[in-house]
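Please open the structure in your viewer and keep the selection panel at hand, since each stop below begins with something to select.

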Amino acid sequence: MHQYSLLSSLLLLLPCVYSQNAPSSPKRGLVYVPNAEHLSDDSIWTTDSSPLTWYYNYESKPSPAFSNSKLQFVPMLWGSSTTFLNDVTAQINSGANISYVLAFNEPDGGGSTGGSAIPAETAAETWQREIEPLKKLGVKLGAPGVTGAPSGKLWLQNFFNACKGNCSADFIPIHWYGNFEGLASHVGEVRAAYQNLTMWVTEYAYNNMPLEETQNFYNQSSQFFDRIDYITHYSYFGSFRSSVSNVGPNAAMLTEKGKLTDLGSWYLGGSATGNVPRGGAGRNAVFAGSTVIILLTSIWSLI
């Protein structure tokens, strides 16, 4: 009871109100999801006032939309590949600043939810051939970005076992779709398991929820990430219009007309816009794990 009461008090310290002048953070990046029907939306993320410093697009090569922007590209080996090493090496040789790479998007998940569905043993072989050599070029390597479900934890354990010490990750990406308590618990679990690695949150949102709950989640989570020194990068999953959002319209950073929502403006360090997102593509939510509230106390002790 004492631990639970302490946790409750700590949670109350986290602001649940809407930010009016949201702070920006150099940790923030962009999960780029292109929309061929609205190419002008791309410029929203690269204005002079945008605090975003990096982006990824689930591919090994950069997006032309950001070729002249300040955003640093982070290549990803999405699934099995025989060309990733050559693609990234060519970019480095051409003078591109490639400091990090990501690997295997939700390999424990299926294609219906965007997962690469690659066996851990195959991924270990691919990593050693396509990713590990980049270490010698000074590139920091991201571990596979598994889901936040229990299957992700098991898959990652199997991956490192199959590597037999030959996969030297520098940081561990995490994904989360669910409430703040679950997110904080998941961060604590991953930190406990991989204490020597820094952490990136490369996908997160409170999907298919009412607007106020979605906004409160965003405000809590962004301030939480900014407080924790071992979380060095994070990217909210919502850089698209609410009318095509597969995580619910309220999680999108743009309205159906391409205007920044409150959440989108806050993510870019701005104030509330009053633009309410409408419409949605619909999706069966994949909540990545369960809420294990007691772990939050250990997280806060690290801050």
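Begin with R129, which is partly exposed at a relative accessible area of 39%, and bear in mind while looking at its side chain that this is a predicted model. Add E130 to the selection, and you will find that R129 and E130 form a salt bridge whose closest N and O atoms are 2.9 Å apart. E130 is buried, with a relative accessible area of 5%. This pair belongs to a structure that holds four salt bridges.

Next, select D226 and R28, whose side chains meet in another salt bridge, at 3.8 Å from N to O. The two residues are 198 apart in the chain and link distant parts of it, D226 sitting in helix α6 and R28 in the loop between α1 (2-13) and β1. D226 counts as partly exposed because its relative accessibility is 28%, whereas R28, at 1%, counts as buried.

Now move to D41 and R241, whose side chains form a salt bridge at 2.8 Å, N to O. D41 lies in the loop between β1 and β2 and R241 in the loop between β9 and α7 (262-267), so this pair ties together parts that are 200 residues apart in sequence. Both D41 and R241 are buried.

From these loops, turn to the strands and select β1, β2 and β3, which make an open sheet in the order β1-β2-β3 with parallel pairing. Its edge strands are β1 (29-31) and β3 (72-73), each of which pairs on one side only. Strand β2, residues 54-56, pairs with β3 over two bridges in the parallel sense, and if you label W54 you will find it opposite Q72 of β3.

The next selection is strand β8 (residues 198-205) together with strand β9 (residues 231-234), which run parallel and are joined by three bridges. Within this pairing, V201 has Y234 in β9 as its bridge partner. Adding helix α6 (residues 211-227) to β8 and β9 completes a right-handed β-α-β unit.

Finish in the interior, where the largest nonpolar core has 81 residues, and where those with the most contacts inside it are V101, F104, W127, I131, F159, Y204 and Y236. Which residues does I131 touch, if residues up to four places away in sequence are not counted? Centre the view on I131 and show its neighbours, and the contacts to find are L77, F84, V101, A103, F104, T126 and L141.

How values were computed. Residues are numbered from 1 along each chain as its sequence is written. This is a predicted model: local features need pLDDT of at least 70, side-chain atom pairs count only at pLDDT 80 or more; totals for chains, interfaces and linings use all residues. Side-chain values use heavy atoms; hydrogens and water are left out. Two strands pair if DSSP finds at least two bridges between them. Helices (H or I, at least four residues) and strands (E, at least two) are DSSP runs, numbered from the N terminus. A crossover is right-handed if, with the strands pointing away from the viewer, the path from the first strand over the helix to the second runs clockwise. A nonpolar core is a set of buried Ala, Val, Leu, Ile, Met, Phe, Trp, Tyr and Cys residues joined through side-chain atoms within 4.5 Å. Buried means under 20% relative accessible area, exposed over 50%, partly exposed in between (1.4 Å probe, protein chains only). Contact means heavy atoms within 4.5 Å.
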